[in-house]
Amino acid sequence: MARMSMFALKPAWDAMTAKRRSLLYGAAFAPALLLAGCAVEVENTQAAQEVARLSRPPGSVAIGWRVFQNKCASCHGAAATGTANGPDLLPRVRDMGSRQFVSLVLKRYDWNLPAAQAGSEGAAREALIDDILERRRNFKPTMPAWDGEPIVTTHIVDIHAYLSARAQGTQGPGRPLP
């Protein structure tokens, strides 16, 4: 009789085991499905970081900060926000591309001066020189052309990277992390 009752319970046991097995498989499958979803998120994060890296101007913010402190901060202030001797650079650099920045810093004396007038010849050029000399006499300094300064010309892209980061708000006024 004991054997008979054991055989009678076997189908119920198999049915219960199948239910448990399906629950066990489901419990194992759910975390795997969640982990697969996380893997897609990690890939998207990497792509977003890559897009952000490619959208930054070329150059090193840390090196640009160092050169700026050495060559530019005396007029424009340590945070590039301006002093009595030089204007706030952040609003000027915010929408400026690398090429325009390099041209202004290396070749032109006055950032407010139109490019055509800066490269002019003859009487217009003489008037420009007189204006620059007059500003010097009245203690209204103008931006010097830095094309003869090896440190500035070598690191002009780094200076632009630093000022762009400051203008965009991704770099604070202090020393950047290397």
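This is a short talk on helix 9 of a predicted model and on the parts of the chain around it.

Hi everyone, and thanks for coming. Please keep in mind throughout that we are looking at a predicted model.

Let me start with the overall picture. The secondary structure comes to nine helices and zero strands, so if you like all-alpha patterns, you get α-α-α-α-α-α-α-α-α along the sequence. The chain has 178 residues, and 25% of them count as buried. Among contacts with a separation of 6 or more, 63% are between residues 24 or more positions apart.

Now to helix 9. Helix 9 has 13 residues and reaches 18 Å from its first C-alpha to its last, close to the 18 Å expected at 1.5 Å a residue. How many of its 13 residues are buried? Eleven of them are, which leaves helix 9 mostly covered. The buried set includes Ile 156, Ile 159, His 160, Leu 163 and Arg 166. And what do these buried residues pack against? They pack against helix 2, helix 4, helix 5 and helix 8. Just after helix 9 comes Gly 169, with a positive phi near 85°.

The residue I would like you to click on is Asp 158, which is found in helix 9. Asp 158 is buried yet has no salt bridge. Which side chain of opposite charge is nearest to Asp 158, and how far away is it? That is Arg 66, at 8.3 Å. A salt bridge needs the nitrogen and the carboxyl oxygen within 4 Å, so a partner at 8.3 Å does not qualify. Asp 158 does have a polar partner, though: its side chain and that of His 155 are joined by a polar contact of 2.9 Å. If we leave out residues up to four places away in sequence, Asp 158 touches Gly 59, Ser 60, Ile 63 and Gly 64.

Let's follow two of those neighbours, beginning with Gly 59. Gly 59 is in the loop between helix 1 and helix 2. Is Gly 59 buried, partly exposed or exposed? It is partly exposed, with a relative accessible area of 46%. Beyond its neighbours within four places in sequence, Gly 59 is in contact with Val 157, Asp 158 and Ala 161. The C-alpha atoms of Gly 59 and His 160 are separated by 7.6 Å, although these residues are 101 residues apart along the chain.

Next to Gly 59 in that list is Ser 60. At the start of helix 2, a side-chain oxygen of Ser 60 reaches to within 3.4 Å of the backbone nitrogen of Ala 62. As for helix 2 itself, its buried residues are Ala 62, Gly 64, Trp 65, Val 67 and Phe 68. Helix 3, helix 8 and helix 9 are among the elements that cover them.

That brings me to the ring pair. A search of the whole structure finds one aromatic pair. The rings of Phe 68 and Tyr 162 have centres 5.6 Å apart and planes at 45°, so this pair is tilted. Phe 68 sits in helix 2 and Tyr 162 in helix 9, so the pair ties together parts that are 94 residues apart in sequence. Both residues are buried.

Helix 2 also takes part in a charged pair. The whole structure holds one salt bridge. Glu 149 forms it with Lys 71, and the closest N and O atoms are 3.3 Å apart. This pair links distant parts of the chain: Glu 149 is in the loop between helix 7 and helix 8, Lys 71 is in helix 2, and the two are 78 residues apart. Lys 71 is partly exposed, with a relative accessible area of 22%.

Two last stops before I hand over. Pro 91 lies in helix 4 and is partly exposed, at a relative accessible area of 46%. The C-alpha atoms of Pro 91 and Arg 166 are 9.8 Å apart, with 75 residues separating them along the chain. Then there is Ala 80, in the loop between helix 3 and helix 4. Its phi is near 65°, a positive value in a residue other than glycine. Ala 80 is also buried, with a relative accessible area of 0%.

That's my tour, and I'm happy to take questions.

Key
Residues numbered from 1 in each chain as written. Predicted model: local features only at pLDDT ≥ 70, side-chain atom pairs only at ≥ 80, totals over all residues. Heavy atoms only, no water. Helix = DSSP H or I, 4+ residues; strand = E, 2+ residues; numbered from the N terminus. Buried < 20%, exposed > 50% of the residue type's maximum accessible area, 1.4 Å probe, protein only. Lys, Arg positive; Asp, Glu negative; His and termini not counted. Polar contact = N/O pair within 3.5 Å; in protein donor to acceptor, adjacent residues only side chain to side chain. Contact = heavy atoms within 4.5 Å. Expected span 1.5 Å × (residues − 1). Phe/Tyr/Trp six-rings, centres within 6.5 Å; stacked < 30°, edge-to-face > 60°.
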